[in-house]
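Work through the exercises below with the structure open. Each task is followed by its solution.

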Amino acid sequence: MKHALQFTLNGQPLTLEVDDERMLLWVLRTELGLTDTKYGCGEAHCGACTVLVDGKALRSCRAPMRAVDGKVVVTIEGLAPPGRLDPLQQAFIDHSAVQCGYCTPGMLLTAKALLTETLTPTRALIAARLERNLCRCGAHQRIVDAVEAASKTGSLP
Amino acid sequence: MNDPRLFGRRDFFTLAGGGLVILVGLRPEDALAVLVKEVPSPEDFNAFLIVQADGRVRVMSGKIEMGQGVMTSQAQLVAEELGVALGAIDLVLGDTDVCPWDRGTFGSLSTRMFGPVLRAAAARARVELFALASARLGVPPTSLVVHEGLVQVVDDPDAHVTYGELSKGARLTRVVGEAGVLHAAADFQVMGRSPARLDARDKVTGAAKYAADVRRPGLLHARVLRPPMHGSKRSKLVTSAARALPGVLVVELPDLVAVLHANPEGAAAALERLSVEWTQPEATLDPENIGEHLQASATGEKTVVERGSLATGRAASAKSFFETFRKGYVAHAAIEPHAALAELVHGVMTVWASTQTPFPTRDRIALAVGLAAQKVRVITPFLGGGFGGKSADEQAIEAARLAQKVGRPVQVAWTRAEEFFFDHFDPASVVTVTAGLDAQGLMSVWDARIIAAGDRGSTPFYAVPNVLVRSSGGTAYGEAAAGASLHPFAVGPWRGPGANMNVFASESMVDLMASATGVDPVAFRLKNLTDERMKRVVQAAAKAFGWTPAVAPSRRGVGVACSIDAGSYVATMAEVKVDAATGHVAVLRLVCAIDLGVVVNPEGARQQVEGGLSMGLGYALFEELRFRGGAVLDRNFDSYRLPCFSHVPHLETVFVKNDALAPQGAGEPPITTTGAVIANAIFDATGARLTRLPMTAERVKQAMAREAR
């Protein structure tokens, strides 16, 4: 059913007339033109499509639009204000925690949700929280290094 | 096939907008001939770069960036030899209209084979610019130095001119051969260092675009009808229900049926409305009987290497060994599935594709849509991983055919299930080795028969005088030959093609012989090596790992494996812990020593080593495709598991300095050791020899039970 859904997307309030059973991933990537959120598996196994909804990591490929009604949605483009970087993004650059980059938005946003909950997670907790985010290039060790470093930097004011 | 060299059509100066254009041809006489005809085409050259009036340098490269870091390392090569800042370089990758022809990005060849050409281009550009500066400043070129694009007179720093000023208004083209005076490693300013990856910022902000991210006005998303299994034939198709959906287009070609819609879910819904019946071919092969099938059916045996005589070797052997090694099919499983967008405008087909092979793919598209090659342009955005799996590019051909048919831009983005179904898998394979040791414990004979793993990594690098290595059943690259009908679905190159299996077999065998004769595995290798380069690498690994000699199984769970691949020498050491009750293997530590010649970008190379080792954990321990005949049973990551954070141990990379050697491969060599080193560490931990990949918990448990009997 088409409904007028209201939510905040990357800081901007938005009203969208859309079938509320459609998956957030495809609405982001088509109607909203935000291709920074990636399709990897379509069944919530890989985490490439992760976005933040009210600060929590959510797999957008299996999240119907009704799940974001009235919520605050952040994709990787909205993680930091234009021209600036979140400490997590900077740490991924500094630690070369990026190879092909396709899993990177999902990794960053999953890590962001973790750091929102826990200021200084242990390496074991970081790895555990990212366990279901798949990386085929083998950047795992560097991703944990980067998240750990960012947790020590603190968050963007 | 059309020879692309015959189709010069683009004018460099139109392309470059003036400036100094440096073309490097491996056969410069051909390039010159083309220039005389005034129809230069980038396809006639191996590399070129343009020094622009604003001082920026545009570098055209047929290579593509799939995560391996060539964008950064290639820019470093140019910055180093040209004497400009890394930030002044704009790299254009994998665009068939503006980049020099290239076979594709695979085989750890970019830095090894293309790197020298690019460096030569930059070095020659510096010579040309110095000649211009010399005329401008009235001093000989030998009196000039350059730093970040500013050319200065050595004794008179006030006399200077920038590259940009020299290029201003210039319509200069220089065609040069490969030779050029290159900077020595000791003088490197940009090479040998680790600047932040040039693609990192775009990748952490989401600005990086991949093929599925391209949008064109009027775009339709296509879903293609797929058979339930390889070998199925369609017996009935009714499209009326799909056609009845609003906004749906149906394309019906004999070999391509697709539904199209303005959004991907609309296309997916239409696909479900197609009513289809299929024939189901007989399915007899499965992961358990595939090895016997390969042994019974492989043909086309070739001799890979032969020296001495097996009879002499056997006669000299005091001890003989025989073992059979097996491996299943492994998926590429890049996180980005294949995607392409095709658009036909005024008779020119432009295709944005996730491909490792833009130029061969362009030619295949041209053939499929009946256009000349110069009427097809393939543009390669970032690739979300390739690993050898993005070289067939059927999705690009599908998109182009559909765009031609419907007259609108069409995107074909494979689902994960399509990705598994159409993967060109790393082939299942079987290797048998018969080997012998003489009374002194030196290798006397090595007789290997390889089935379906080609020849890469199969030539013994130990000092064994009597060797015969034979290979049948095609290659691990998926080349037709004898391999085509052997497998129930397509096979193709997978990071370290064939070498992963061949090194697993040979380094397991070497380990087995060391243990059987009561010699420490490192000492055994050093004793049987005369190759000094390999000895140095083994010693470097042992030092970094803290290897202490013991005969395996020492119950410590440590192992070693060596490999020569893509010009690099590798020795990897592992520490594992095996759960005696479940057979589960936890890898605790991997140390990889590698000699890859000059290290262009140490952090970049380290990422490749770590990436290879981490990815290798999958084929070593649990990745194996489930199938029944042509039916691919794994369709997503719930049943087909990739290495995750919990699997990846502490990784350590040691570069064995070898600045006298040009840069060699980094993306593949380390992964070729992962299976063998873990097998050897499992043996050291348990006394059980694993001869089948992957070494799943169940197989480890079974092997331990056999060992206990």
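**Exercise 1.** Find the salt-bridge partner of B:Arg377 and place the pair in the domain layout.

*Solution.* This is a predicted model.
- Start with the pair: B:Arg377 forms a salt bridge with B:Asp97. Their closest N and O atoms are 3.9 Å apart, and the cut-off is 4 Å.
- Next, consult the domain assignment of chain B. Domain 1 covers 9-205, domain 2 covers 212-279 + 338-413, and domain 3 covers 290-329 + 425-708.
- Asp97 therefore falls in domain 1 and Arg377 in domain 2, given the 4 Å rule and these bounds.

**Exercise 2.** Describe the interface of domain 1 and domain 2 of chain B.

*Solution.*
- Residues: domain 1 of chain B contributes 24 residues to the contact, and domain 2 of chain B contributes 18.
- Area: about 1600 Å² is buried between the two domains, with 58% from carbon and sulfur atoms.
- Polar links: the rule finds two salt bridges across this interface. Five residue pairs are in polar contact, both residues at pLDDT 80 or more.

**Exercise 3.** Which strands of the β5-β6-β7 sheet in chain B stand at the edges?

*Solution.*
- Take the order: the sheet is open, has three strands, and pairs antiparallel as β5-β6-β7 in chain B.
- Read off the edges: β5 (144-147) and β7 (156-162) of chain B each have a single partner strand, so one side of each lacks a neighbour in the sheet.
- Add the twist, which averages 30° from one strand to the next.
- Add the helix: α4 (residues 110-137) of chain B packs on the sheet and touches β5, β6 and β7 of chain B. The direction of α4(B) makes about 120° with that of β5(B).
- Check one pairing: β6 (residues 150-153) and β7 of chain B share four bridges. B:Val153 stands opposite B:Asp156 in β7(B).

Methods:
Residues are numbered from 1 along each chain as its sequence is written. Chains are lettered from A and ligands numbered from 1 in the order in which they are written. This is a predicted model: local features need pLDDT of at least 70, side-chain atom pairs count only at pLDDT 80 or more; totals for chains, interfaces and linings use all residues. Side-chain values use heavy atoms; hydrogens and water are left out. Two strands pair if DSSP finds at least two bridges between them. Helices (H or I, at least four residues) and strands (E, at least two) are DSSP runs, numbered from the N terminus. Axes are lines fitted to C-alpha atoms, for helices over the stretch in contact, and angles run from 0 to 180 degrees between N-to-C directions. Contact means heavy atoms within 4.5 Å. Domain bounds come from an automatic or database domain assignment. Buried area is the accessible area (1.4 Å probe) that two parts lose on being put together, summed over both. A salt bridge is a side-chain nitrogen of Lys or Arg within 4 Å of a carboxyl oxygen of Asp or Glu. A polar contact is a pair of N or O atoms within 3.5 Å; within protein, one must be able to donate a hydrogen and the other to accept it, and residues adjacent in sequence count only if both atoms are side-chain atoms.
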